[in-house]
Amino acid sequence: KFIKFCSIALIAVSAMSVTGCGERVEVPPARIGKIMTNDGYQKNTIPTSKFRLESCWSVCDKLVTLDQSDKTVVEKVTVFMPTDKLQLVIPVQTTLAVNPTKVDSLFNTLPPEDDGDDIKQTAQIKWATIYYTYAQSIIAAETTSFISKYSIAELSSNLEQINANLRSHLTTVIAQRTPFNARYVGISQIQYPEIITKAQEGAAQRREQIQTEEAQLEISKVKLERELQEARLTRQIEIEKSQTTAAANRVQ
């Protein structure tokens, strides 16, 4: 009985030792972390590092990391153009970074996703979660409002200037109304309606045909001028031959 009791006690002590040893965790590069306790998040944030959580017996602390890396997304925004009564697809490319001053509010408002099973003492707030929650709809709405003020002709002929104005507008709005700072904003390649594309293709074909006809006309003109010049030379030669023959006859 004593040996059995000692064995049970040894097993219990070993289990307690394993449970009491805090898990080794890591805050990867381009992320920031906070420790979640039974009473909520601790105040301080944790930069890139490796450490071991405090020992626990029942309720354990958890490391929650937040992705604050720079990422580029392309949002295809469909814009109805009132002037033309047509729709455009505007691909807006943005490179965004999480604003460091708004990290605390993100920890407090977004639920983390556990890494693996419930036993693991780590979780994360993904970059995509922040983007789709706060930025996607604002980028789409502001782009629609800004671009719809123009006509398709104005947009196509002044794309560089309009793109610069949109970049300035979205950069300000993103900084004011989302947890991001914009590193870059710009229109990549506009998808025009099929009717506009066909009209542009038709116009290009007509211009090419005109250029072809003009080139052909120049070739024909050169050819006719050469033939005319040859005819004049031939006639001149015949006249001179006739004059020479007449002179010879007079002499005879």
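Hi everyone, let's start with two helices: the axes of α3 and α5 come within 10 Å and cross at roughly 145°. Please keep in mind that this is a predicted model. The crossing of α3 past α5 is right-handed.

Which residues make up that contact? From α3 we have Ile138, Ile139, Glu142, Thr143, Phe146 and Ile147, and they meet Ile162, Asn165, Leu166, His169, Leu170, Val173, Ile174 and Arg177 of α5. By type, the residues of this contact divide into nine nonpolar, three polar and two charged.

Now let me bring in the sheet beside these helices. It is an open sheet of three strands, ordered β6-β7-β10, with antiparallel pairing. β6, residues 71–81, and β10, residues 180–187, are the edge strands, and each of them pairs on one side only. On average, neighbouring strands here are turned by 30° against each other, if you ignore direction.

Strand β7, which covers residues 86–98, pairs with β10 in the antiparallel sense over seven bridges. If you want a spot to find on screen, look for Val98, which stands opposite Phe180 in β10. Helix α5, residues 159–177, packs on this sheet and touches β7 and β10, with its direction at about 160° to that of β10. As for α3, it lies across β6, β7 and β10 and runs at about 35° to β6.

Let's pause on one residue in β6, Met81. Is Met81 buried or exposed? Met81 counts as buried because its relative accessibility is 0%. Not counting residues up to four places away in sequence, Met81 touches Leu86, Leu88, Ile147, Ser148, Tyr150, Ser151 and Ile152. There is also a nice long-range pair to look at: Met81 and Thr144 are 63 residues apart along the chain, and their C-alpha atoms are separated by 9.1 Å.

You may have noticed Ile147 among those contacts of Met81. Leaving aside neighbours within four places in sequence, Ile147 is in contact with Val79, Met81, Ile90, Leu155, Ile162, Leu166 and Ile187.

That takes us to the core. Which residues touch the most other members of the largest nonpolar core? They are Ile90, Ile147 and Phe180, in a core of 37 residues. The element that gives the most to this core is α3, with seven residues. Apart from it lies another core, of six residues, including Val25, Val27, Leu53 and Leu63.

Now for the other sheet I wanted to show you. This open sheet has five strands in the order β3-β2-β5-β9-β8, and the pairing is mixed. Its edge strands are β3, at 40–41, and β8, at 113–114, each pairing on one side only. Between β8 and β9, which spans residues 122–125, the pairing is antiparallel over two bridges. Within that pairing, Asp114 has Ala123 of β9 as its bridge partner.

And here α3 turns up again: this helix, residues 127–147, lies across β5, β8 and β9, running at about 60° to β5.

My last residue is Thr122, which sits in strand β9. Thr122 has a relative accessible area of 9%, so it is buried. What does Thr122 contact, once neighbours within four places in sequence are left aside? The list is Val25, Lys62, Leu63, Asp114 and Asp115. Two of those names, Val25 and Leu63, also came up among the residues of the six-residue core.

That's my tour, thanks for listening!

Methods. Residues numbered from 1 in each chain as written. Predicted model: local features only at pLDDT ≥ 70, side-chain atom pairs only at ≥ 80, totals over all residues. Heavy atoms only, no water. Pairing = 2+ DSSP bridges. Helix = DSSP H or I, 4+ residues; strand = E, 2+ residues; numbered from the N terminus. Contact = heavy atoms within 4.5 Å. Axes fitted to C-alpha atoms, helices over the stretch in contact; angles between N-to-C directions. Buried < 20%, exposed > 50% of the residue type's maximum accessible area, 1.4 Å probe, protein only. Core = buried A, V, L, I, M, F, W, Y, C linked by side-chain atoms within 4.5 Å. Left-handed = near helix turned anticlockwise from the far one by under 90°. Nonpolar A, V, L, I, M, F, W, Y, C, P; charged D, E, K, R; others polar.
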